[in-house]
Structures are given as C-alpha cells and as structure tokens.
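Here are a few short exercises to work through with the structure open beside you. Try each task before reading its solution.

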Amino acid sequence: MTLQRMDNVGIVVEDLDAAVAFFTELGMQVEGTAQIEGLFADQAVGLDGVRSTIAMMRTPDGHGKLELAQYHRPAAIGDGTRNPPPNTLGMHRVMFAVDDIDDTIRRLRAHGAELLGEVAQYKDIYRLCYLRGPSGIILALAEQTG
C-alpha cells in the first residue's frame, strides 16, 4: 500500500465567511461548500450530532487545498489560549509562496491579519514572515528573492 497524496489541511474557524474572504484575498479559490451532518459525520470525526459548514479552498495551481470548517454543533472549543505562539505543540502554520510579500501583507491586513514579527531576509533566497489570520490561524509567507 502506497500513500497517494495529501488531499488537504483542515482548519476549524469561528467565522467561515471571514476565513473564506481572508484566503480568497490571499489568492485561493473556493472549490465548493457543503453542509456536513448525519451519521457518517458523527462516525468519521468521533462526535455526536455533528453539523458543520465547510468551504474547500484551493491554490491557483490546483495542488494545495484547505478545508475550512465552522462547527455549528457541537460548538467548536479552544484550549483557552486565544493566540498561542508559533512554538505551541500541534499544528504550527501553513506556508504559502507569494510573488510580492509586501503587497500580500497589505491586502491581508485589511482582513485583520497581524504580523507576528517582521519580514525577514533568509540569505539571498527568501523574504519570510509569519502572520496571524482569522481564528488565530498562523500563516507563513515566502517570497523568493534569489
């Protein structure tokens, strides 16, 4: 048996519309949306009475996908830490390659994004930064410079 591919990364969000707008501004496209509920959903995720709305987002090249999910039932929960630092155990961040990091930051700030540090130069290869987006999601952006 061989691994075929990674299909997507799932992210639970508080406000699906805001998250979709944020990732659309980044350059992703909505591939589809759906209401998820019923016995199959309960069995797959191990919760009872699941009802959620998902939006599948894809990168322009069609290879990268994010599944954004807003849980209506049972309600989404957090660990009590609203904006955990990047070194918190668990999912760290999602990184995207961009053509113009400064323009991308400017556009995402209009959707509430905040830089965690600053744009840093890695050798003569990349400009990199971390941003916090909707629901505390951490993104990394990389602009190739060399």
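**Exercise 1. Find how much surface the chain exposes and what share of it comes from carbon and sulfur atoms.**

Solution. Keep in mind that this is a predicted model. Start with the total: the chain exposes about 9200 Å². Next, take the atom types: carbon and sulfur atoms supply 51% of that area. Then turn to the inside: of the 146 residues in the chain, 29% are buried, which here means under 20% relative accessible area.

**Exercise 2. Work out the order of helices and strands from the N terminus on.**

Solution. First count the elements: the chain has three helices and nine strands. Then walk along from the N terminus, and the order reads β-α-β-α-β-β-β-α-β-β-β-β. For the overall dimensions, the C-alpha trace spans about 50 × 40 × 30 Å along its principal axes. Finally, look at the contacts with a separation of 6 or more: 56% of them join residues 24 or more positions apart.

**Exercise 3. Identify which residues touch the most other members of the largest nonpolar core.**

Solution. The core holds 25 residues, and those touching the most other members are Phe23, Leu26, Leu66, Leu68, Phe96, Leu139 and Leu141. Now map the core onto the elements: α1 (16-26), β3 (51-58), β4, β5, α3 (101-109), β8 (126-132) and β9 (138-144) each give two or more residues. Helix α1 gives the most, with six residues. In soluble globular proteins, nonpolar side chains tend to be buried together.

As a last step, zoom in on Leu68. Leaving aside neighbours within four places in sequence, its contacts include Leu16, Ala19, Val20 and Phe23, as well as Thr53, Ile54, Ala55 and Met57. Ile11 and Val13 are also among them.

**Exercise 4. Describe the lining of the largest pocket by residue class.**

Solution. Begin with the volume, about 750 Å³. The lining has 26 residues, with Val12, Pro84, Ser135, Gly136 and Ile137 closest to the centre. Sorting the lining by class gives 13 nonpolar, nine polar and four charged residues. Strand β1 (residues 9-12) gives the most to this lining, with three residues.

**Exercise 5. Decide which strand gives the most to the lining of the second largest pocket.**

Solution. This pocket has a volume of about 280 Å³. Its 16 lining residues include Met28, Thr59, Met95, Phe96 and Ala97, which lie nearest the centre. Both β4 (65-73) and β5 (94-97) supply at least two residues, and β5 gives the most, with four. By class, the lining has 11 nonpolar, three polar and two charged residues.

Definitions and conventions. Residues numbered from 1 in each chain as written. Predicted model: local features only at pLDDT ≥ 70, side-chain atom pairs only at ≥ 80, totals over all residues. Heavy atoms only, no water. 1 Å grid on protein atoms, 1.4 Å probe; cavity = no way out; pocket = protein on both sides within 12 Å on 5 of 7 lines; lining within 4 Å. Points joined across faces, edges and corners; volume = space filled by probe spheres on them. Nonpolar A, V, L, I, M, F, W, Y, C, P; charged D, E, K, R; others polar. Core = buried A, V, L, I, M, F, W, Y, C linked by side-chain atoms within 4.5 Å. Buried < 20%, exposed > 50% of the residue type's maximum accessible area, 1.4 Å probe, protein only. Contact = heavy atoms within 4.5 Å. Areas by Shrake-Rupley, 256 points an atom, 1.4 Å probe, with all protein chains shown as cover.
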